[in-house]
Amino acid sequence: MATNGKIADFEHTALDAIPGIASTARGTFRTHKTKNLEWRKAQLRKLYWAVEDYTPQLVAALKDDLGKSDFEATLTEIDWMKKDCMFMLDHLDKFAKDDKLGAPAVPLTYSFMSWRVRKEPLGTVLIIGPYNFPIQLLLAPLVGAIAAGCTAVLKPSELTPKCAMVMKTFLAERLDNSAFAVVNGAIPETNALMNEKWDKIFFTGSAPVGTIIAKKAAETLTPVVLELGGKNPAFITKNANLALAAKRLLWGKTVNAGQVCLSQNYILIHKDLVDTFITHLNAAYKEMFPKGAQASPDLGRIVNKRHFLRLKKMLDDTQGKIVMGGSLDETENFIEPTAVLVNSVNDSMMQEESFGPIFCIYPVNTLDEAVSTANLVHRTPLSLFSFGSKAENEKVLNEMTSGGATLNDAFFHASVNTIPFGGVGDSGWGAYRGKASFDAFTHFRTVSETPSWSEKLIAVRYMPFDYKKLKLLTRFTNKKPNFDRNGKVVKGLGYWTGVVCGLGGKSAKGALMRWAIVLLAHYLYTHGGLRN
Ligand SMILES: NC(=O)C1=CN([C@@H]2O[C@H](COP(=O)(O)OP(=O)(O)OC[C@H]3O[C@@H](n4cnc5c(N)ncnc54)[C@H](O)[C@@H]3O)[C@@H](O)[C@H]2O)C=CC1
Ligand SMILES: CC1=C(/C=C/C(C)=C/C=C/C(C)=C/C=C/C=C(C)/C=C/C=C(C)/C=C/C=C(\C)C(=O)O)C(C)(C)CCC1
């Protein structure tokens with residue numbers, strides 16, 4: 001059932017309607033209907049079909065808002081969301097089931113009680129989206145919220161107005177309106193939403209706005225997920241395949257015209273490799289854009305004049321040398337994929353988040369210098385990429401953190417919709433996608449149950465206290481340390497008993513295997529199998 005209707009003009013939600021919208025969502029949550037798994041599944045199925053049926057409008061809106069090609073619209077937004085719905089539908093029963101608790105979390109002494117973790121929806125949540133993947137980055141958190149049993153209000157980016165209107169239309173038409181709503185607008189509307197009480201706020205966007213959201217949320221102790229940006233480094237050593245590194249990193253800067261918070265801001269490369277790498281970059285560029293980037297139907301545009309001018313300023317301010325691309329066309333917010341060779345960490349290209357098709361190359365003498373430079377530029381970026389030997393890649397991972405990392409490629413670790421994704425430190429708090437999306441909107445509520453018959457067993461807790469019983473209790477329940485005050489493991493009687501009884505096996509499984517082999521050998525020997 002394709003819907004080929006015209007996309008409505010962008011319309012701000014009336015500010016005075018916002019408290020009512022939030023109140024409806026909260027009221028619906030209190031009816032408990034969202035706790036029913038069949039209800040949640042029906043909403044997810046409806047969302048799937050809404051995305052499928054509104055595909056023509058979504059493709060048109062993405063083209064209009066961002067110049068996104070049909071190819072990227074399909075792969076990174078529309079099919080992405082359909083896959084998200086399907087994955088959640090396939091696994092929701094399992095995710096929502098109570099987790100029974102036992103050993104080792106539950107000590108043997110309390111094993112007669114029943115222990116479990118219930119998965120409860122957090123309540124009514126606010127989801128605020130950015131402009132770069134306007135469909136995916138708004139609806140993927142929604143999939144998690146629906147699956148967890150939350151009600152939700154969504155605030156798409158006003159910078160992608162067509163996408164915002166299509167989503168408002170189909171969510172109103174297809175989902176339960178008492179549980180889910182879209183508020184369209186910019187800062188005033190977001191502020192009005194932030195004046196409401198939410199059970200969680202899921203924000204994707206820039207770090208400065210993330211800070212505003214986190215501060216406001218702190219006033220009411222509202223938990224937040226923040227998916228922010230970062231200045232992401234790529235490392236290239238002498239052990240890299242330079243041609244491959246050039247092609248893959250260029251890919252990372254051409255998807256969505258580089259408007260990907262995960263893509264590399266700068267490349268740290270051994271100084272001896274710079275010239276060859278630049279040659280490979282230009283060759284990869286030629287291969288991807290045989291008629292030049294501006295003529296390519298595949299490359300998107302910068303979302304608006306403000307962001308175009310921001311990127312232009314980075315290029316105007318650089319002291320570096322353009323070694324690939326460099327052309328701009330303000331009439332269509334076009335920026336050519338551009339690489340700049342720089343020689344200072346203070347260069348505008350190193351210091352600012354690019355969030356566009358431009359990046360810089362910074363030569364270094366050693367991998368140690370590369371890692372310390374990257375830690376200086378931004379200690380907790382959203383992603384990093386390493387192109388080196390196995391040992392070099394491990395060194396990079398070990399000596400620098402990031403939200404996620406890809407070895408030998410651009411942001412592939414975040415190109416699969418079912419694998420957890422999130423930042424670290426100031427590049428983000430919390431994660432989602434796949435099961436993590438369900439978890440992000442779920443309260444993990446521990447429940448224990450004490451049987452009446454066990455009263456005598458646990459009576460020791462009552463006053464007046466009996467210190468003899470306390471001594472007995474601690475003797476039974478406290479484990480003796482197998483280490484001394486210097487932090488060294490003490491190989492005492494317990495250790496050697498374990499080694500002898502476990503036949504030298506280091507784990508219970510290893511010991512069991514060894515005993516099984518000994519017993520089998522014994523059986524075969526006593527039954528003649530090994531003697532003949
Ligand atoms: N970690 C992640 O998953 C992602 C992070 N990003 C980051 O987002 C940024 C680009 O996206 P933008 O849409 O420009 O982000 P943004 O932070 O300007 O806007 C995000 C949302 O916040 C709202 N907003 C803007 N200013 C506000 C204010 N003063 N008060 C309250 N709400 C406000 C906007 O209406 C929009 O819905 C980049 O920094 C990028 O790194 C973008 C996509 C994904
Ligand atoms: C299927 C068969 C085969 C295998 C085919 C294979 C392995 C195909 C591989 C395709 C690739 C490499 C696809 C790449 C996809 C990239 C995607 C979806 C990128 C997504 C990026 C996103 C969502 C960015 C997000 C940005 C965010 C969050 C941000 O800005 O913050 C064989 C082996 C060929 C056999 C036949 C069948």
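1. Let us start with N408, which sits in the loop between β16 (404–407) and β17 (421–422). Please keep in mind that this is a predicted model. N408 has a positive phi of about 65°, although it is not a glycine. That is worth a look, because most residues other than glycine have a negative phi. How buried or exposed is N408? With a relative accessibility of 32%, N408 counts as partly exposed, since that class covers values between 20% and 50%.

2. A257 is the next residue to visit. You will find A257 in the loop between α9 (242–254) and β9 (264–270). Its phi is near 50°, again a positive value in a residue other than glycine. Here the surroundings read another way: A257 has 1% relative accessibility, so it counts as buried, the limit for that class being under 20%.

3. Now for the peptide bonds. As a reminder, most peptide bonds are trans. The bond from A103 to P104 is cis, with omega near 5°. P104 belongs to the loop between β1 (99–100) and β2 (114–121), so if you are browsing the model, those two strands are handy landmarks for P104.

4. A cis bond also links M463 to P464, and its omega is near -5°. To locate P464, look in the loop that runs between β20 (442–449) and α16 (467–477).

5. Let us move on to ligand 2. Which residues come nearest to ligand 2? Out of the 16 residues around it, they are W80, N132, Q136, C261 and F412. Two of these five also take part in polar pairs with the ligand. In N132, a polar side-chain atom lies 2.9 Å from an oxygen atom of ligand 2. For C261, the partner is a polar backbone atom, 2.9 Å from an oxygen atom of ligand 2.

6. How much of ligand 2 does the protein cover? On its own, ligand 2 has 910 Å² of accessible area, and the protein covers 50% of that. Two elements give two or more residues to the shell around the ligand, namely α4 (70–96) and α5 (136–148). Of the elements, α4 gives the most, with three residues.

7. Finally, a word on the make-up of that shell. By class, the residues around ligand 2 are 11 nonpolar, four polar and one charged. When you open the model, N132 with its side-chain atom and C261 with its backbone atom are good places to begin looking at ligand 2.

Methods:
Residues numbered from 1 in each chain as written. Chains lettered and ligands numbered in written order. Predicted model: local features only at pLDDT ≥ 70, side-chain atom pairs only at ≥ 80, totals over all residues. Heavy atoms only, no water. Near = heavy atom within 4 Å. Polar contact = N/O pair within 3.5 Å; in protein donor to acceptor, adjacent residues only side chain to side chain. Areas by Shrake-Rupley, 256 points an atom, 1.4 Å probe, with all protein chains shown as cover. Helix = DSSP H or I, 4+ residues; strand = E, 2+ residues; numbered from the N terminus. Nonpolar A, V, L, I, M, F, W, Y, C, P; charged D, E, K, R; others polar. Buried < 20%, exposed > 50% of the residue type's maximum accessible area, 1.4 Å probe, protein only.
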